[in-house]
Amino acid sequence: MNEQTNPAANIIEEPGERNTRRAFLAAAGIAGLAYTAALAYPSTVIWPRREMAMNATAVTEVTLKDAQKLPLGSVLMYKFGRSPALLIHHEDGRWISMTAVCTHLGCTVQYEPQADRIHCACHGGVYNPYTGANVSGPPPKPLKLFKVAVNLTGVDVSLA
């Protein structure tokens, strides 16, 4: 073929055009990888939570040795199965225990005795320290309460 019958042979590519095309392909590849990662992210968050929930149901009771000595107005963080939990000895003498996993995105919550609340620092969720009810912020559900039995050697915490 000669140049008159093949119009593509007459096109001369400038060096700047090649760099622009290469940059576009690189950007498209990066965007594709980011899109794939965004699609895969929920599976890395949801599946471990399901496994944690299944493991949490495997444990039905925990004994906290010497926890009966916890002073009024204080809290003990402990593990119920693989999940963090709170044991609160309120100023009025009541013992309350509940999960310490925020129902919004799974952050660990903290008991704040001076404010008499349970607070999630991740997104500002607030829970009632007596009932575990979600009071304000983004948490959609209350914290799960456990049954508490205080005895001479410790505190027994079990599923309610």
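**Strands and cysteines**

Reader: Which residue stands opposite His 89 in β4?

Author: Glad you start with a pair you can look up in the model, which is a predicted one. Strands β3 and β4 run antiparallel and are joined by 5 bridges. Across from His 89, on β4, stands Trp 95.

Reader: In the hairpin of β3 and β4, which residue takes a positive phi?

Author: This hairpin has 5 residues between its strands. One residue there has a positive phi, near 95°, and that residue is Gly 93.

Reader: How many of the 7 residues of β3 are buried?

Author: Let's check both sides of the strand. On one side, Ser 83, Ala 85, Leu 87 and His 89 are buried. On the other, Pro 84, Leu 86 and Ile 88 are buried too, so both faces are covered. Strand β3 is therefore largely enclosed by the rest of the structure, and the count of buried residues is 7 of the 7.

Reader: Which residue in β3 does Tyr 78 stand opposite?

Author: Strand β3 also pairs with β2, in the antiparallel sense, over 7 bridges. The two form a hairpin with 2 residues between them, and Gly 81 in the turn has a positive phi of about 70°. Facing Tyr 78 across this pairing, in β3, is Ala 85.

Reader: Which strands are the edge strands of the open sheet?

Author: Follow the order of the 6 strands, which pair antiparallel: β1-β10-β9-β4-β3-β2. An edge strand pairs on one side only, and this is the case for β1 (61-65) and β2 (74-80).

Reader: What does the twist average from one strand to the next?

Author: Here we stay with the sheet whose order is β1-β10-β9-β4-β3-β2. Going from one strand to the next, the average twist is 25°.

Reader: Which residue in β10 stands opposite Lys 147?

Author: Strand β9 (residues 145-150) and strand β10 (residues 154-159) run antiparallel, with 5 bridges joining them. Opposite Lys 147, in β10, you will find Ser 158.

Reader: Which two cysteines form a disulfide?

Author: A disulfide is a covalent bond between the sulfur atoms of two cysteines. Searching the whole structure turns up 1 disulfide. Its sulfur atoms lie 2.2 Å apart, and they belong to Cys 107 and Cys 122.

Reader: Is the disulfide of Cys 107 and Cys 122 left-handed or right-handed?

Author: The clue is the torsion about the S-S bond, which is about -110°. That value makes the disulfide of Cys 107 and Cys 122 left-handed.

Reader: How many residues apart are Cys 107 and Cys 122?

Author: Cys 107 sits in the loop between β4 (95-99) and β5 (110-112). Cys 122 sits in the loop between β6 (117-120) and β7 (125-127). The pair links distant parts of the chain, and the separation is 15 residues.

Reader: Is Cys 107 buried or exposed?

Author: Buried means under 20% relative accessible area. Its partner Cys 122 reaches 41% and is partly exposed. Cys 107 has 17%, so Cys 107 is buried.

Reader: How far away from Cys 102 is the nearest cysteine sulfur?

Author: Cys 102 is in no disulfide, and the nearest cysteine sulfur is that of Cys 120. Both are buried, Cys 102 at 5% relative accessible area and Cys 120 at 1%. A disulfide needs sulfur atoms within 2.5 Å, and the distance here is 3.8 Å.

Reader: Which residue in β7 does Cys 120 stand opposite?

Author: Strands β6 and β7 run antiparallel and are joined by 3 bridges. Their hairpin has 4 residues between the strands, and Gly 124 in the turn has a positive phi of about 80°. In β7, the residue opposite Cys 120 is Gly 125.

Conventions: Residues are numbered from 1 along each chain as its sequence is written. This is a predicted model: local features need pLDDT of at least 70, side-chain atom pairs count only at pLDDT 80 or more; totals for chains, interfaces and linings use all residues. Side-chain values use heavy atoms; hydrogens and water are left out. Two strands pair if DSSP finds at least two bridges between them. Axes are lines fitted to C-alpha atoms, for helices over the stretch in contact, and angles run from 0 to 180 degrees between N-to-C directions. Buried means under 20% relative accessible area, exposed over 50%, partly exposed in between (1.4 Å probe, protein chains only).
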